[in-house]
Amino acid sequence: MSSLSAPSSSLNAWLMKPWAKPLLWLLCAVPLVLLCTAVATDRLGANPVDTFIKEMGEWSLRFLWLTLAITPLRDVAGLPGLLRHRRALGVTAFVYAFIHFLAYAWLDQGWRLDDIVADVIKRNFILVGFVALLLMLPLALTSFNAAIRALGGRRWQVLHKLVYAVALLALLHFYMKKAAKNDLAEVGVYAAILAVLLGWRVMRKGGVLAMLRVR
Ligand code: HEM
C-alpha cells in the first residue's frame, strides 16, 4: 500500500504479522478470564449472578460495536490490515452473548425450559435478546473459511448484513432493560456510537465520503 502514511504503514505491518491474530484472540479472552477470576474469588458484589450476566451482555455489545468499527477505521485510518481481525471480534461478540444466555438459563432459570419459555413470552426485553442471539447464530456458524467457500462470497456478504439487525436488536434489548430503571445514559452512548458507525456506511454508499476525500 504505497499510499499509506508512515505511522499507518508501520501499524499496518504490525497488524499483518503472523502473531497478531493469536494475540488478538488472547486479548478477546481477557474480560472472560477476569470475570471468572472475580467469580472464583468472590469479588462480584452482593449479586454475583446478575453482575456476571450483565457483564457478559455488555462485553458482547462492546465486541459487536468493535466489529462494526473495523470497516470505517480501516478506511479512515488507512489500515487495510484491520480487516483480517474482524472475524475474531465478531466471533467473540457471539461467544460472549452465548455465555450471557447460558448464564441466564443456568444461574437465573436453573435450566427449566418451561420457565425460560414463560420468561421469553412475559418479558419483551428477553424476547428481543433471544431474537438477537438467534440471528447471531448463522453469522457465527459461517465465520470459517470452509463456510465462506461453500456459500460463495456474494451470498456470504448478503447473509452477514444480518449483523446490522443484530446490532439494532441488541441495542433495543439494552434500552428496554435500562428504560425500566430510567437509567439511559450508557444506552445513549452506545446508540450514538452505533449511529456514527451506521451513518458512515450510509454516507459512503451515497458517495458523500468520497466527496470529502475519505476512502
Ligand atoms: C437469549 C438471549 C438473551 C437473554 C436470555 C438475555 C438475558 C438478559 C438478562 C436476564 C439481562 C438482565 C441481567 C440482570 O439485570 O441481571 C440482560 C441484560 C443485558 N443483555 Fe441480554 N440476553 C440475551 C441476549 C443478549 C444479546 C445477544 C446481547 C448483546 C449482543 C445482550 C446484551 C445485554 C446487555 C448489554 C444487558 C444489560 C446489562 C446491564 O444492565 O448493564 N443480551 N440480558
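Begin by selecting Gly188, which sits in helix H10, the helix that covers residues 185–205. Keep in mind from the outset that the model on the screen is a predicted one. Gly188 counts as exposed, because 11 C-beta neighbours fall inside 10 Å, and the cut-off for that class is 12 or fewer. If you now add Asn145 to the selection and draw a distance from C-alpha to C-alpha, Gly188 and Asn145 come out 36 Å apart in space, although 43 residues separate the two in sequence.

**The whole chain**

Next, zoom out and colour by secondary structure. The protein contains 11 helices and zero strands, so that, helices and strands being what is counted here, the order of elements from the N terminus reads α-α-α-α-α-α-α-α-α-α-α. A box drawn along the principal axes around the C-alpha atoms of the protein is roughly 60 × 40 × 40 Å. Of the 215 residues in the protein, 21% are buried. When contacts in the protein between residues at least 6 apart in sequence are considered, 64% of them join residues at least 24 apart.

**Helices H2 and H3**

Select helix H2 (20–40) together with helix H3 (48–77), and turn the view until both axes can be followed. H2 and H3 pack with their axes 11 Å apart and at an angle of about 175°. Because of that angle, H2 is roughly antiparallel to H3. By class, the residues in the contact of H2 with H3 are six nonpolar, no polar and one charged. To see these residues, show Pro31, Leu35 and Val39 on the H2 side, which meet Pro48, Phe52, Glu55 and Trp59 on the H3 side.

Stay with Phe52, which belongs to helix H3. Is Phe52 buried or exposed? Phe52 is buried, since 21 other C-beta atoms lie within 10 Å and 20 or more are required for that class. Leaving aside residues up to four places away in sequence, Phe52 touches Leu35, Val39, Leu44 and Ala103. For Val39, the C-alpha atom is 8.1 Å from that of Phe52, with the two residues 13 apart along the chain.

Then move along helix H3 to Lys54. Lys54 counts as partly exposed because it has 14 C-beta neighbours inside 10 Å. A second distance to Asn145 can be drawn from here: Lys54 and Asn145 are 32 Å apart in space, C-alpha to C-alpha, and 91 residues apart in sequence.

Before leaving this pair of helices, select Asp42, which is placed in the loop between H2 and H3. Asp42 is not a glycine, and yet its phi is positive, at about 60°. Asp42 is exposed, because 8 other C-beta atoms lie within 10 Å.

**Helix H4 and the loop after it**

Now select helix H4 (86–108). H4 has 23 residues, and from its first C-alpha to its last it reaches 32 Å, close to the 33 Å expected at 1.5 Å a residue. Show side chains for the buried residues of H4, which include Leu89, Phe94, Tyr96, Ile99, His100 and Tyr104. The elements that cover the buried residues of H4 include H2, H3 and H6.

Follow the chain past the end of the helix. Just after H4, Gly110 adopts a positive phi of about 55°. Trp111 lies in the loop between H4 and helix H5 (113–122). Trp111, a residue other than glycine, also has a positive phi, near 60°. Trp111 counts as exposed, because 10 C-beta neighbours are found inside 10 Å.

**The shell around the ligand**

Finish by centring the view on the ligand. Which of the 21 residues around the ligand come nearest? They are Asp50, Gly57, Ala97, Gly129 and Ala170, and labelling these five gives a frame for the rest of the shell. Helix H3, helix H4, helix H6 (124–141) and helix H9 (162–179) each supply at least two residues of the shell. H3 gives the largest share, eight residues. Colouring the shell by class shows 12 nonpolar, five polar and four charged residues.

Notes
Residues numbered from 1 in each chain as written. Predicted model: local features only at pLDDT ≥ 70, side-chain atom pairs only at ≥ 80, totals over all residues. Near = placed C-beta within 6 Å. Helix = DSSP H or I, 4+ residues; strand = E, 2+ residues; numbered from the N terminus. Nonpolar A, V, L, I, M, F, W, Y, C, P; charged D, E, K, R; others polar. Expected span 1.5 Å × (residues − 1). Contact = placed C-beta atoms within 7 Å. Axes fitted to C-alpha atoms, helices over the stretch in contact; angles between N-to-C directions. Parallel < 35°, antiparallel > 145°, perpendicular 65-115°, else oblique.
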